[in-house]
Structure formats: C-alpha cells, structure tokens
Amino acid sequence: MSHPLTNSATDVRAVELQHVLQIYRRFPVVFERGEGVRLFDDRGRAYLDFISGIGVASLGHAHPALARAVADQAATLIHTSNLYFHPLQGELAARLASLTGLERAFFCNSGAEAVEACLKFARRYWHTRGETGRTKFVAFTHAFHGRTMGALSVTWDDHYRAPFAPLIPGVTFADAARPDALDALVDGETAAIIVEPIQGEGGVRPISPALAQAIDAACRRTGTLLIADEVQSGSFRTGAFLASPGYGLTPDLVALGKALGAGVPIGCAMLSGPVAAAASPGDHGTTYGGNLLACRAALTFLDVLEGGLRDTIARTSAHLFAGLRALAARYPQKIAAVRGAGLIAGLDLTGDATPVVNAALERGLLVNRTSGTVVRLLPPYIVAPAEVDEAMHILGASLAGL
Ligand code: PLP
C-alpha cells in the first residue's frame, strides 16, 4: 500500500519528523493492515496485537461486521451535527442507559472529553441546586483521567501536570492505599469523587474493597456525587459492561470511551436522572459528538458483544490470567505482581518494563509499558485461547532474555 508522499518506512518517519508535532515516542514500526488480533507492518511482518490501540480496537482489526456497518454508514450519512435529529443517537443512548442503569447520555469524541463532561455536569448539579460553593473534586493517587485542562486537573502524576499549571483549583488527591484517610477529605464543598475502578495508566491497579467501601460511605454521608471513569475499564473490558458494580461502586456519572467505538472515536458521559435534570440547553456541547458514523460503530460493537462475544470474555480472561500467573511462578525474581481483571492485565516487574516490551515487539508481540515497571496487556475481545498461548510464549521468551 503506498501513499503519494510516503512510499517506504524511512519516508513515513522522515515526513512525520518534519511535520508532526513531536509529542509521541513511537516504536519503530509502520503498520499498514490488520486482521483479527494481528497487525501487519510495511514489510508484511505479522504482530500479535495485545494492546489494541490502547484498549480501543475491541473487535480486533478489520472486523467484518464493523467494516460493513462503517462502510454502509459512510455511504449513507456520516455527520449532521447536533442541530438536527438523526435515527441513531437516541437508540445508542437507550441501549447504554439499560446497560449502565444511568438515565441519559451525552456523546463526545474521546475519553478526556467524557471526563470533562462528567466534571462539568457534577458542578452544574450543585449549581442548579443553589449550592454554588460546592465545586471541589477528590481524585486518587495514580489516577489518570486525560489531558484536557479539567481531566488533567484530576490526573495525579506531576509529570503530566506541572508544565500546564495552574490547573483548576479545588482538587485533592486521596491516597488510594489509605481508605481510612478518605473520609476527612470529603465534605459539604465536595462536588464529586472521581475514581477509575481499575486504574489503567496508573499501572493496572484495581480498586481495593476497602477503598470502594470508603468512597461509598463518604458519598452517602455528604451527598457527594460519584464519577466512575470507565474509559478503560468499561465497555465490557472486564466482561460486565461496567466494572464499577463488581467493585461495589454505584456511580452517578460514568465516563466511557476507547472500546465503545471499536476504533471509531466516540466518548460518552452517562448521567443519573437527577444529575441530568440539572442540565439545561446550551450548558455543554460538541460539534461532532454522537454523529451517525460514531453511533453506528458503537451500535455495531454492542450488537457483536450482546450477540455472544461478551459471554466468552470470562473464559478468555481466566486463560490469560492463568498464563500470566504461570509466568510469575517461572520468573519470581522478575515479576513482582500480576494485576487486572477481564481483558486488562498488568505484569508488575521488579524493574523497568521497557526491555521486556521492546523484546516482545522484536518477537512480534505488541504490549506497552505503563507506570514504569508494568507491562500492560489490553487484547481485543475476540482473542482466542491459542493466541493467548502464543502471547504468553513470546512474553516468557522476552522475560528469559533479560
Ligand atoms: N480516562 C482513562 C481511565 C483513560 O485510561 C484515558 C486514556 O488512556 C482517558 C480517560 C483519556 O481518554 P482519551 O485518550 O480518549 O482522551
């Protein structure tokens, strides 16, 4: 496959170096095609994709039903804006409402935008109720919620925050490892607590039952709203549509993104009835949000999952975690912990994860490093047990070669 400007991997990289803002550290590989769990580079070499575009390509690559639906929608109508009705937004909202138990959907284009919307609608709720001083947020250590100003303000790592200060005021970070300390940080000025049921970028760290209980208790005591950021953990990543209920959380707002569009950009904030009732026309909005193409992709994703794929996730997950635990038993000096749920997994190493990630790439397996020491796996939901075995074999060889 060639392009008028770029006809070799060297050209691809040279043109980018000259004209693309240099804010990503890319691996030295150019992907041109995908099929199922595999990606193919410009030399035709196959890679097993266990990162799926950071949790996005949930149906793998070139999924026939998704490809058909997107092509059909593109040939019918892609975008009309939110000035007018179209037949797909309400249908998608209704299905998401029944999957989440939250009444209303606001559609946007990314995870960070979904988080922004949740933060704004939480403040709007208290403003509408006349509690205009109730504007603060409590987030957690190791939290990652995105890179727009609001989402960044509730993101923990100073490396992301410092160059962009000052961020929005009134954010407190509670120690996720100290559930007993949470209550003192939540009061009548707290608009919302925001939490990832499983921290993704923060190192694949599922919330502890004690922290979930403390969050629930603090929200009940003060009336504080709960925002669950399920951009990475949601959309069936753990087998259930949302991870929150499994951890004992009952959010008032949920941020969704990533896997929901299976590769077509879509974000969504789900709002409880009372929170939704506090919003008025003009409060928030976005040009692209919930356009026909994005909605059609998300509806197709839900069709495939509810058509049976979701029933396979628990079994595939058990196979994946058995494989990872076997690796941990084989390399106790190198693997400190195995964490995760469903099809999000982290191998926490005793040192930097970079050499393992690079060695895996050389052997034809795509995973990534997060939180310094963690090898993260986010395979597509269609991954087969034999492909999991293949990935474990490559990971084992990559660990052995350290
Ligand atoms: N929230 C969580 C939990 C995420 O993992 C991410 C992205 O990694 C985001 C928000 C931001 O999503 P996006 O990159 O689509 O803006």
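Okay, let's start with one pair: Asp49 stands opposite Leu366 in β15. Before I go on, this is a predicted model, where local features need pLDDT of at least 70, side-chain atom pairs count only at pLDDT 80 or more, and totals for chains, interfaces and linings use all residues. Residues are numbered from 1 along each chain as its sequence is written, and side-chain values use heavy atoms, with hydrogens and water left out.

Back to the strands (DSSP E runs of at least two residues, numbered from the N terminus). Strand β3, residues 46–49, runs parallel to β15, and two bridges join them; two strands pair if DSSP finds at least two bridges between them. The open sheet has four strands in the order β1-β2-β3-β15, with mixed pairing. So what stands at the edges? That's β1 (31–35) and β15 (365–366), each with a single partner strand, so one side of each is left without a neighbour in the sheet.

Now, cysteines. How many disulfides does a search of the whole structure find? Zero, taking a disulfide as a pair of cysteine sulfur atoms within 2.5 Å. Cys219 is in none, and the nearest cysteine sulfur, that of Cys118, is 14 Å away. Cys219 is also buried, with a relative accessible area of 11%; buried means under 20% (1.4 Å probe, protein chains only).

And Cys268? The closest cysteine sulfur, in Cys108, is 6.9 Å from the sulfur of Cys268, so that's too far for a bond. Cys268 is buried too, with a relative accessible area of 0%. That's my tour, thanks.

Key: Buried means under 20% relative accessible area, exposed over 50%, partly exposed in between (1.4 Å probe, protein chains only).
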